[in-house]
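Let's walk through this structure together, starting from a pair of charged side chains and working outwards to the sheets and helices around them. Have the model open beside you as you read.

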Amino acid sequence: MKALLAHINDEHTREQTLQEHLLHTATFSKKFENRFGNIAFLAGCLHDIGKATNRFQSYLLNGDANRGDVIHSLQGAFVSAGFPISDEFEMLTQEVLEGAIAKHHGDLPDYLSPDGYSTFFDSVNSDRQSDEKYHFDEVKKNLTGMKLDLSDYFNTAALDSKNFVEGLMNDGYQGAQRQGSFNFALGLYTKYVYSRLIDADRLDTAQFSEGAKRQQREVDWDALISRFESHLKDFDNTSLVNRIRTSISQQCLDACDRPTGIYRLSVPTGGGKTLASFRFALHHAQKTVKRRIIYVIPYLSITEQTSRDLRKFLDLSADDDTLLEHYSSAVNEFDDMKIPEQMRDELQRKRQEAAQRWDNPIIVTTMVQFLETVMSSHGTDLRKFHNMADSVIIFDEIQSLPINTIHLFDEVVSFLSKVLNTTVLLCTATQPPLEKTQRKNLLISDNPDLIAESEGYQEQLRRTNIIATAEEISIEALADRILELAMTEGSCLAIVNLKSEARRIYQMIANDDRFKQCNVIHLSTSMCGRHRRDQISHMETLLKPLNETIRDKRVYTGKPVICISTQLIEAGVDVSFSSVVRAMAGLDSIMQAAGRCNRSGESETPKNVYVYPIANERGLSRLKDIELGKSITLGLMHDYPDADLQSKEMLDAFYQEYFHECDKGGRMDYPMANDRTAYELLSVNETARESYMDHIDNRGYAHCLAQSFKTVSDNFHVISNVARNVVVHYGDSDIWVDCLRNGDAKQRVKALRKLQDYSVSLFDYEVQKLMSHHALECIDKDFDVWQLNEVYYKDDYGVVTETEMPLLMFDNETGCAI
């Protein structure tokens, strides 16, 4: 009998047998990590057995069907559904395998639909198995010739599930109060097995296509540590600030022997948090034999800066793939290199695969990328999930974690730490007590703080005084105050809550003759990423001579510098102003804003940060988190009029009240439609279970897994109110728009990648207003790419929804502006 095939190359000169592919995939899947290898192995053995039919073999050899028409993924799930079950561990194993195998070319399913009326198991029942289009009898017959001891494999796979569940019980997941966490962990176990199968399948397929075996990546922590430490030795420790930074860094080094767990690094702004946390990660990775370090950052505005700093301290060139930069503005310039096209394509392919796999030793990414990966049901997204195991993950500026994702985040990082042997480090100057929410589901380590003297350091590093008032101030008065401070101090940073406020203040300044003697910069999320980085770079250039003058105690004779910004500048942007004005907001935001004042101690005397409530701030109704934070801060000021707003006691009191309010109504569980939450749908899914019993089977839902994976994935967005990303006219954007319109397939993909840096995220109300002006045009229907008319994008403001330009003409047929 001719061997059954899994793959054949385009030239029909090389073949891979089905048995080879199944065993290669199974072996890859098993060897990725040292836990749960048996269930991963069995998933690999079964995932493609649907190819063991004459129908599929004919399609493969003759191309006599369309791609996807010959179903080959469900049959492996049918086999799994046929294993005899004697206990809950075997049932869990069976259900995990059924979902992972059946959906390895798509999305993990809703095991139970949110309304409770349908289950994934309906798709693998005996009625479906008997459908002739699946040729399941033929598959079973051919499977016997492959000499796979599936019964034995299933028994050992069930032992993996038993060890997993018993491990959860030992790690504090038992009891009625932990039922949600226990079921959430079952879902993450399913995603983990699925991730290993997806990666193994695609890796073996890629090896066949390339005709060469991949070399397993090894990381030399000793070499990286040696380079990093050599740069630290060059630090000048003559100043008090640098001596404190060195002390903080040394304490992080001393903590590297701690066991795997979830830790906190609370460092005052300017305390050298980035390098100190990474020093801990490097040495801890070496001591505890981790495979990689993942650095997660909340804002795109600081990812490039962090990547540059790490490459510098590790002596890595820009193209050294020891460090992977995985965020939307990270664009490799392979297309601009003077190299053969084939080599350029190969470099780009490898970079794309690296972004899908995360197998590089060091990864810099964003919180958006992290959260949307772990909440996804898509195979391509989840492919990287298993490579978060045996890692060190640093979450920088953790106070920026969206409030509606806190309980989801807590479950994921607890699973990563307790189950997948990953150390998690939560870093910030304003540490939120994530373990003290209503669910108390962050399994933080005993003695979690890496440094013991954070309060003492805060006093030593105090470079500002916060002067706050509850008396409201008008926008006009605020603009006058900004000018006054800029003229007396040399520079002033003003941070407001709303884009409209920032724009209005900037307009006042631009039209006031008094401000012409100042350098004025506007920063807003209404600007595309490239525009914001250009503005920040220009600001850094302007501030450098001013701060050098202050440090040297000389008289500054240049133009004062003013920056009007929304809160995007609050965390991680390494700039230092002589004075800061902050619109009243949450105390955590106020303290972060203070971190942009006298940041490096240019002035030995602390500088003032002024906080004012802005009158008639009606736009905050769209920004509930900021509105609530502002209200709580004002309440604390009223209750404790003489308290130091920068003290740990006040910050703790703020978070206690803030979390108490946000815990109401499941706000931290990621609320969704129909009074459901993502947390519920990914854990017990109680409402759906009850509906199933009421309408489908009065005996109740008799399965282990009830998670609605796909529903959550389809509706989860970190930036939840964003309606559309639009391309704007800035810099080289027109060049890439032309490439998107007129290029070949490869050029269009390149243009899409480039245009991410020239895009702005718009809210619903902004889209509606611009649509009413016919200011948005769909420039590519295939990729659903929209572009904003150039008169609605200003160098000073970014996107504007009103313009003084004459009424635009538009095409009556398409409705697009012309």
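In this predicted model, Asp396 forms a salt bridge with Lys273, and the closest N and O atoms are 2.7 Å apart. The two residues come from distant parts of the chain, 123 residues apart: Asp396 sits in the loop between β7 (391-395) and α17 (406-418), while Lys273 belongs to helix α12 (residues 273-287). Are these partners buried or exposed? Asp396 has a relative accessibility of 4%, and because buried means under 20%, Asp396 counts as buried. Lys273, at 12%, counts as buried as well.

This pair is one of 44 salt bridges that the structure holds. Some charged residues are joined in a wider arrangement: Glu33, Arg35, Arg196, Arg291 and Asp390 are linked in a network of salt bridges.

The loop that carries Asp396 runs between β7 and α17, and each of these two elements is worth following. Take the strand first. β7 is part of an open sheet of six strands, arranged in the order β3-β8-β7-β4-β6-β5, with parallel pairing. At the edges stand β3 (262-266) and β5 (323-326), and each of them pairs on one side only. From one strand to its neighbour, the turn averages 15°, direction ignored. If you look at the β3 edge, you will find five bridges joining β3 to strand β8 (residues 423-428), the two strands running parallel. There, Ser266 stands opposite Thr428 in β8. Helix α15 (residues 367-374) packs on this sheet and touches β4 (292-297), β5, β6 (362-366) and β7; the direction of α15 makes about 90° with that of β6.

Now for the helix on the other side of the loop. Two packed helices are described by the angle between their axes and the distance between the axes. For α17 and helix α9 (residues 179-210), the axes come within 10 Å and cross at roughly 65°. The crossing is right-handed. On the α9 side, the contact is made by Ser181, Phe184, Ala185, Leu188 and Tyr189, and on the α17 side by Leu408, Glu411, Val412 and Phe415. Sorted by class, the residues of this contact are seven nonpolar, one polar and one charged.

Further along the chain there is another sheet to explore. Six strands form this open sheet, in the order β9-β14-β13-β10-β12-β11, and the pairing is parallel. Which strands stand at the edges? They are β9 (464-468) and β11 (519-523); each has a single partner strand, so one side of each is left without a neighbour in the sheet. The twist from one strand to the next averages 15°. Within the sheet, four bridges join strand β13 (residues 580-583) to β14, and these strands run parallel. Arg582 stands opposite Val611 in β14.

Two helices that pack on this sheet deserve a look. α19 touches β10 (491-495), β12 (561-565), β13 and β14, and its direction makes about 150° with that of β10. α20 touches β11 and β12, with its direction at about 160° to that of β11.

Salt bridges reappear here too. The side chains of Glu476 and Arg504 meet in one, at 2.9 Å from N to O. Glu476 lies in helix α19 (residues 475-489) and Arg504 in helix α20 (residues 499-510), so this pair ties together parts that are 28 residues apart in sequence. Glu476 is partly exposed, with a relative accessible area of 40%, and Arg504 also counts as partly exposed, at 40% relative accessibility. Another salt bridge links Lys607 with Glu489, whose closest N and O atoms are 2.8 Å apart. Since Lys607 lies in strand β14 (residues 607-612) and Glu489 in helix α19, the pair ties together parts that are 118 residues apart in sequence. Glu489, at 27% relative accessibility, counts as partly exposed.

To finish, move to the edge strand β9 and find Ile467, which lies in it. Ile467 is partly exposed, with a relative accessible area of 38%. What does Ile467 contact, leaving aside its neighbours within four places in sequence? Its contacts are Asn608, Val609, Tyr610 and Val611. The C-alpha atoms of Ile467 and Asp644 are separated by 9.5 Å, although the two residues are 177 residues apart along the chain.

Terms used:
Residues numbered from 1 in each chain as written. Predicted model: local features only at pLDDT ≥ 70, side-chain atom pairs only at ≥ 80, totals over all residues. Heavy atoms only, no water. Salt bridge = Lys/Arg side-chain N within 4 Å of Asp/Glu carboxyl O. Buried < 20%, exposed > 50% of the residue type's maximum accessible area, 1.4 Å probe, protein only. Axes fitted to C-alpha atoms, helices over the stretch in contact; angles between N-to-C directions. Left-handed = near helix turned anticlockwise from the far one by under 90°. Contact = heavy atoms within 4.5 Å. Nonpolar A, V, L, I, M, F, W, Y, C, P; charged D, E, K, R; others polar. Pairing = 2+ DSSP bridges.
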